[in-house]
Amino acid sequence: MKNWMDDYKRKLCTAEEAVRHIKSGDRVGVTHATGEPVLLTDAMVANADAYRDVEIVHMVAMGKAGYCRPELAKNFRHNSLFLGGSTRKAIEEGRGDFTPVYFHKIPDLFRTTLHPNVALLHLSPPDDHGYCSFGVSVDYTKPMAEVADIRIAHINGNMPRTLGDSFIHVSRLDYIVEGDVPLIELAPPKISDVEQAIGKNCASLIEDGDTLQLGIGAIPDAVLLFLKEKKALGIHSEMFSDGVVELVEAGVIDNSRKNVHRGKSVAAFLMGTRRLYDYVHNNPEVQMMPVDYVNDPVVIARNDNLVSINSCVQVDLFGQVVSTSVGLRQISGVGGQVDFVRGANMGRNGRTIMAMPATSKGTISKIVPFIDEGAAVTTSRYDVNYVVTEYGVAQLQRKTLRQRARDLIAIAHPDFRDELAVEFEKRFHEAF
Ligand code: COA
């Protein structure tokens with residue numbers, strides 16, 4: 001028996017025992033999105049009475065986030081790097097905080113200001129050499145694990161062994177909890193007619209041989225529906241989901257023309273179903289890397305022909321893009337939107353797309369004369385380029401404010417074009 005196996009056995013414990021090593025006042029960094037180690041977060045919440053003021057830090061919230069419950073406000077405080085359904089209320093009600101940070105800077109945040117006393121990890125079983133893979137969430141998790149004082153790992157036979165810069169050795173772990181439970185899954189979204197039309201318009205900007213960055217949700221998945229006739233597409237994306245697997249199997253995505261990491265899809269985290277997790281398991285076609293590499297705008301810019309597709313909440317007539325808040329209400333986080341917009345803009349033949357339905361729920365125009373009071377600009381008017389709705393494509397870079405406003409009004413929902421035209425005339429002293 002190799003040494004690491006004895007070490008592994010010595011470190012085995014139950015989730016309940018492991019979370020007792022968290023102390024009041026500690027900062028706990030947690031693997032996020034579909035990689036959340038639910039066994040550990042549930043055990044930590046069950047042990048709440050033992051803690052005071054434990055700070056919980058993570059990015060995308062997909063689990064229950066029990067530590068955000070009002071009755072546990074003295075035990076836990078959430079510091080969110082990207083809000084989700086289970087964490088928004090705590091931040092809105094002042095029981096938690098939001099830290100605005102570019103995704104590629106999160107590893108640096110953990111290395112400096114937010115030093116983690118404890119890291120809660122979710123890993124694949126060790127290989128013959130004692131290395132466990134970070135699986136579906138390598139992004140900030142690997143860098144965070146490297147600097148934490150204590151590393152508690154849930155080892156799960158269902159966590160795919162993803163390849164790339166995605167491993168940690170058993171000797172670096174402090175406490176090991178075994179449990180073959182299902183990973184969190186994100187079912188492919190239902191795609192509406194509006195999203196289909198947006199997808200088609202986005203696909204019109206994509207050429208054979210392009211490398212894609214796709215966000216999460218119905219719009220990116222709708223774009224993939226219209227790429228079936230394309231050839232030699234590549235992936236360099238902070239994340240991807242099941243839609244990519246379909247295009248790999250159809251031979252559309254083969255990464256054959258990438259000038260960086262040729263032949264490989266590169267990502268930092270994954271969100272999808274078992275189909276995706278089985279595809280990436282032990283698959284050398286997929287390279288999972290920390291996010292301070294994948295999302296570094298300089299690394300992104302080295303990829304020629306990179307098309308970045310992201311979504312947003314509001315765009316004003318200058319092209320200022322709001323993506324993370326509705327007025328003062330924080331709804332998400334910047335994620336990698338600005339990382340990719342800047343990287344694609346810097347690269348050769350890069351194209352950046354902001355894709356959104358022309359309205360929210362059919363009643364509120366997303367193209368507006370002024371962004372809502374309290375809202376924060378996510379992508380500036382200097383960085384924005386293509387804005388896409390179901391009504392068409394507005395290309396904004398190198399255009400005057402007057403031209404931008406005209407082009408944006410042309411892709412607004414028809415019900416709102418007249419009132420936008422009135423604003424146009426007030427501002428530019430010219431008939432629309
Ligand atoms: N006015 C008022 N409310 C609006 C609105 C608008 N213009 N646009 C959206 N909303 C509301 C919706 O009604 C919804 O409210 P609810 O949760 O109470 O129902 C909420 O905002 C979310 O809108 P929705 O359209 O469902 O969002 P989505 O799931 O399609 O996500 C973003 C859209 C912009 C929030 C998301 O893409 C995001 O967070 N982007 C920034 C991060 C990013 O791009 N990362 C890179 C890729 S991962």
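These are my notebook entries on a predicted model, going from the domains to the ligand and then to a few residues and helices.

**Domains**

I started with the overall layout. The domain assignment splits the chain into domain 1 (4-178) and domain 2 (193-428). I looked up the distance between their centres, taken over C-alpha atoms, and got 29 Å. For the contacts across the two, I found 33 residues of domain 1 touching 34 residues of domain 2.

**Ligand**

Next I went to the ligand. Which residues come nearest to it? Out of 22 residues around the ligand, they are Asn-310, Val-313, Ser-332, Gln-337 and Lys-361. I sorted the shell by class and noted 7 nonpolar, 10 polar and 5 charged residues.

Then I checked atom pairs. With Val-313, a backbone N or O atom sits 3.0 Å from a ligand nitrogen. Gln-337 uses its side chain: an N or O atom there is 2.9 Å from a ligand oxygen. Lys-361 also has a polar side-chain atom at 3.0 Å from an oxygen atom of the ligand. How much of the ligand does the protein bury? On its own the ligand exposes 970 Å², and the protein buries 70% of that.

**His-122**

I moved to His-122, which is in strand β5 (residues 118-123). Buried or exposed? Its relative accessible area is 3%, and the cut-off for buried is under 20%, so His-122 counts as buried. I found two polar partners for the side chain. One is the backbone oxygen of Glu-36, 3.3 Å from a polar side-chain atom of His-122. The other is the side chain of His-154, in a polar contact of 3.5 Å. Leaving out residues up to four places away in sequence, I listed what His-122 touches; among them are Thr-31, Gly-35, Pro-37, Phe-134, Asn-156, Met-159 and Leu-183.

**Ser-137**

Ser-137 was next, in the loop between β6 (131-133) and α6 (141-147). I read its relative accessible area as 2%, which makes Ser-137 buried. Its side chain makes a polar contact of 3.1 Å with the side chain of Thr-141. Not counting residues up to four places away in sequence, Ser-137 touches Thr-31, His-32, Gly-35, Ala-268 and Phe-269. Thr-31 and Gly-35 turn up here and also in my list for His-122.

**Gly-199 and helix α7**

Gly-199 lies in helix α7 (residues 193-203). I got a relative accessible area of 0%, so Gly-199 is buried. Beyond neighbours within four places in sequence, Gly-199 is in contact with Ala-222, Val-223 and Phe-226. In α7 I also marked Glu-195, Ile-198, Asn-201, Cys-202 and Ala-203 as buried. What covers the buried residues of α7? The cover includes α8, β20 (351-355), β24 (386-389) and β25 (392-395).

**Helix α9**

Last I looked at α9. Why is this helix largely enclosed by the rest of the structure? In α9 (residues 242-249), 6 of the 8 residues are buried, so the helix is largely enclosed. I wrote them down as Asp-242, Gly-243, Val-244, Val-245, Leu-247 and Val-248. They pack against β11 (211-214), α8 (218-225), β12 (234-240) and α10 (274-280). So α8 shows up in the packing of α9 and in the cover of α7. I also took one distance between the two helices: the C-alpha atoms of Gly-199 and Val-248, 49 residues apart along the chain, are separated by 18 Å. After α9 comes Gly-251, with a positive phi near 80°.

Key. Residues are numbered from 1 along each chain as its sequence is written. Side-chain values use heavy atoms; hydrogens and water are left out. Buried means under 20% relative accessible area, exposed over 50%, partly exposed in between (1.4 Å probe, protein chains only). Helices (H or I, at least four residues) and strands (E, at least two) are DSSP runs, numbered from the N terminus. Contact means heavy atoms within 4.5 Å. A residue is near a molecule or strand if one of its heavy atoms lies within 4 Å of it. A polar contact is a pair of N or O atoms within 3.5 Å; within protein, one must be able to donate a hydrogen and the other to accept it, and residues adjacent in sequence count only if both atoms are side-chain atoms. Accessible areas come from the Shrake-Rupley method with a 1.4 Å probe; for residues, only the protein chains shown count as cover. Ala, Val, Leu, Ile, Met, Phe, Trp, Tyr, Cys and Pro count as nonpolar, Asp, Glu, Lys and Arg as charged, and the others, Gly among them, as polar. Domain bounds come from an automatic or database domain assignment.
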